[in-house]
Amino acid sequence: MHKLQFFRPRFSSSVSGLFKASISSTISLHSLSVSNQWEWSDESIVSRLEAVLQLCSGPSNLGQGKQVHAQLIIHGLLDAGLLGPKILGIYVLHDSFRDAVKMFYQIPLGYTMPWNWMIRGFNKLGCFDMALLFYFKMSACGVYPDKYTFPSIMKACCGLNNVA
């Protein structure tokens, strides 16, 4: 039996209509696949969960993001695709930086997305020196910056210039 067949996220009744519709359609399609005895590919599940996580990035959806995070841990899907870095992004966007730091150290760090989220988070907190430190750590780990890294680094440099 496929380990992804048991993914059944539970959400509170305060979830928005769009979020509920997305979850229920994912579960309905999943139920259909189980009843027809054909399995979803990991890629299909991951892309659907990435869409669900996109809905969690709204201003009042931190609780739902935490629920999805818990389900990903339970079902061993945290390392699948970009799910881990997307959860990290939700924590940064909602100013839940303590959770973001914990998340950062639980996911693979071989690509730019997690590093970019941490740099962005430090900038939001006004910790420009930490943002630059994470940039240098990223480079030391052999991860090359991308087009999303440089605006955050520029902001950190400007922030340090204003502080000094």
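This text walks through a predicted model, from a pair of packed helices to a group of aromatic rings and then to two buried polar residues.

Start with helix H4, residues 83-93, and helix H5, residues 97-104. The two pack at an angle of about 160°, and their axes are 8 Å apart. Because angles over 145 degrees count as roughly antiparallel, H4 is roughly antiparallel to H5. The crossing of H4 past H5 is left-handed. On the H4 side, the contact is made by Gly84, Ile87, Leu88, Tyr91 and Val92. On the H5 side, the residues are Phe97, Asp99, Ala100, Met103 and Phe104. Sorted by class, this contact of H4 with H5 has eight nonpolar residues, one polar residue and one charged residue.

Phe97 of H5, which takes part in that contact, leads on to the aromatic rings. A pair of aromatic rings is described by two values, the distance of the centres and the angle of the planes. The model has seven aromatic pairs, counting rings whose centres lie within 6.5 Å. One of them is formed by Phe97 and Phe122, with 4.9 Å from centre to centre and 70° between the planes. Because planes over 60 degrees apart count as edge-to-face, the pair of Phe97 and Phe122 is edge-to-face. Phe97 sits in helix H5 and Phe122 in helix H6, which covers residues 112-125. The two residues are 25 apart, and their pair links distant parts of the chain. Are Phe97 and Phe122 buried or exposed? Both Phe97 and Phe122 are buried. They also belong to one aromatic cluster, together with Phe104, Tyr105, Trp115 and Phe134. Phe104 appears in the contact of H4 with H5 as well.

Next, turn to Asn61, in the loop between helix H2 (42-56) and helix H3 (62-74). Why does Asn61 count as buried? Its relative accessibility is 11%, and buried means under 20%, so Asn61 counts as buried. Apart from neighbours within four places in sequence, Asn61 is in contact with Leu55, Cys56 and His94.

Helix H3 itself holds Gln64. With a relative accessible area of 5%, Gln64 is buried by the same cut-off of 20%. Where does Gln64 lie with respect to Leu53? Along the chain, Gln64 and Leu53 are eleven residues apart, and their C-alpha atoms are separated by 8.7 Å.

Conventions: Residues are numbered from 1 along each chain as its sequence is written. This is a predicted model: local features need pLDDT of at least 70, side-chain atom pairs count only at pLDDT 80 or more; totals for chains, interfaces and linings use all residues. Side-chain values use heavy atoms; hydrogens and water are left out. Axes are lines fitted to C-alpha atoms, for helices over the stretch in contact, and angles run from 0 to 180 degrees between N-to-C directions. Helices (H or I, at least four residues) and strands (E, at least two) are DSSP runs, numbered from the N terminus. Angles under 35 degrees count as roughly parallel, over 145 as roughly antiparallel, 65 to 115 as roughly perpendicular and the rest as oblique. A crossing is left-handed if the near helix is turned anticlockwise from the far one by less than a right angle, and right-handed if clockwise. Contact means heavy atoms within 4.5 Å. Ala, Val, Leu, Ile, Met, Phe, Trp, Tyr, Cys and Pro count as nonpolar, Asp, Glu, Lys and Arg as charged, and the others, Gly among them, as polar. Buried means under 20% relative accessible area, exposed over 50%, partly exposed in between (1.4 Å probe, protein chains only). Rings of Phe, Tyr and Trp (its six-membered ring) pair if their centres lie within 6.5 Å; planes under 30 degrees apart count as stacked, over 60 as edge-to-face and the rest as tilted.
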